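Student: Could you take me through this model slowly, giving the general idea behind each feature before we turn to the case at hand?

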Amino acid sequence: MNVGRIIKTEDCVAEGAAWLAAQDVRFARALELTGPLPLRLRPDGFDQLLSAIVSQQVSVASAAAIWKRMQDAGLVSPEAIMAASEDDLRGAGLSRQKMRYARSLAEEGIDFEALRFAPNDEIFKTLTKVSGIGIWTAEIYAMFSLGRADVFAPGDLALQESARMLFDLEERPKERALRQMAEDWSPWRSVAARLLWAYYRVDKGREGIG
């Protein structure tokens, strides 16, 4: 099954960034400001997605505290989640809604090893079957846990705002419009995302300094 290019090292990211800079002078200018882009790879598997669920709609500090409690209690595997009582999960800091999402993920029985070799569309279809996992989370997982080079997350507000600034658009592009724009950045769309996120931080920093 052809899954396309897999990003494994910083050299892969640099190759993609150079390709984007050669395609569009605006990417080249952005890259001059950002410097080398981060690899940002993470492990894959059940606990990565469970952590993503825990992090939804809470601060970074709160998410980290809840996740540590879950790790300390051993609540980071499908078997542990299914065996845990509501009191166990509540004690770790999960809301009733997130308990439901965690159990949905555990019940789905995803074959995470097989997912490494699945085409992108199959990854998105598999992950979004789980209650509490939307397309954005699935795209981020494909980008950073599976290293897919040609995945983008057009629903991400920072990417939308960064594209507005970099391409001098009158308004922030909506998800559909940004998805269409990103087609021109294939086969390195996930590197384009890294560059836009980095540019967003740089540009916002300049605004703050000014």
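**Reading the pockets, the core and the backbone**

Tutor: The lining of the largest pocket is made up of 13 nonpolar, 7 polar and 4 charged residues, and please keep in mind throughout that this is a predicted model.

Student: What volume does the largest pocket have, and which residues lie closest to its centre?

Tutor: The space in the largest pocket comes to about 600 Å³. It is lined by 24 residues, and those closest to the centre are R42, S51, A52, S55 and W136. Among the helices, α3, α4, α10 (135–144) and α13 each contribute at least two residues to that lining, with α3 giving the largest share, namely 6 residues.

Student: How does the lining of the second largest pocket divide into nonpolar, polar and charged residues?

Tutor: There the division is 7 nonpolar, 2 polar and 8 charged, around a volume of about 270 Å³. Of the 17 lining residues, N120, D150, V151, F152 and R189 lie nearest the centre of this second largest pocket, while the elements that supply two or more lining residues are α9 (120–127) and α12. The largest share, 3 residues, comes from α9.

Student: Turning to the interior, how many residues does the largest nonpolar core have, and which element gives the most to it?

Tutor: The largest nonpolar core has 66 residues, and F27, M70, I81, L105, L127, F152 and W185 are those with the most contacts inside it. The element that gives the most to this core is α13, with 8 residues. To look at one member in detail, L105 touches F46, L49, L50, I53, I110, V130 and I133, when residues up to four places away in sequence are left out of the count.

Student: How should I read the backbone, and which peptide bond is cis?

Tutor: As a general guide, most residues other than glycine have a negative phi, and most peptide bonds are trans. In this model the peptide bond from S186 to P187 is cis, with omega near 15°, and P187 lies in the loop between α12 (175–182) and α13 (189–209).

Student: Where does Q57 lie, and is Q57 buried or exposed?

Tutor: Q57, which is not a glycine, has a positive phi of about 60° and lies in the loop between α3 (46–55) and α4 (60–72). Q57 counts as exposed because its relative accessibility is 77%, and the cut-off for exposed is over 50%.

Student: What is the phi of D168, and where is its place?

Tutor: D168, also a residue other than glycine, has a positive phi near 55°, and its place is in the loop between α11 (157–166) and α12. With 70% relative accessibility, D168 counts as exposed.

Technical notes: Residues numbered from 1 in each chain as written. Predicted model: local features only at pLDDT ≥ 70, side-chain atom pairs only at ≥ 80, totals over all residues. Heavy atoms only, no water. Helix = DSSP H or I, 4+ residues; strand = E, 2+ residues; numbered from the N terminus. Buried < 20%, exposed > 50% of the residue type's maximum accessible area, 1.4 Å probe, protein only. Core = buried A, V, L, I, M, F, W, Y, C linked by side-chain atoms within 4.5 Å. Contact = heavy atoms within 4.5 Å. 1 Å grid on protein atoms, 1.4 Å probe; cavity = no way out; pocket = protein on both sides within 12 Å on 5 of 7 lines; lining within 4 Å. Points joined across faces, edges and corners; volume = space filled by probe spheres on them. Nonpolar A, V, L, I, M, F, W, Y, C, P; charged D, E, K, R; others polar.
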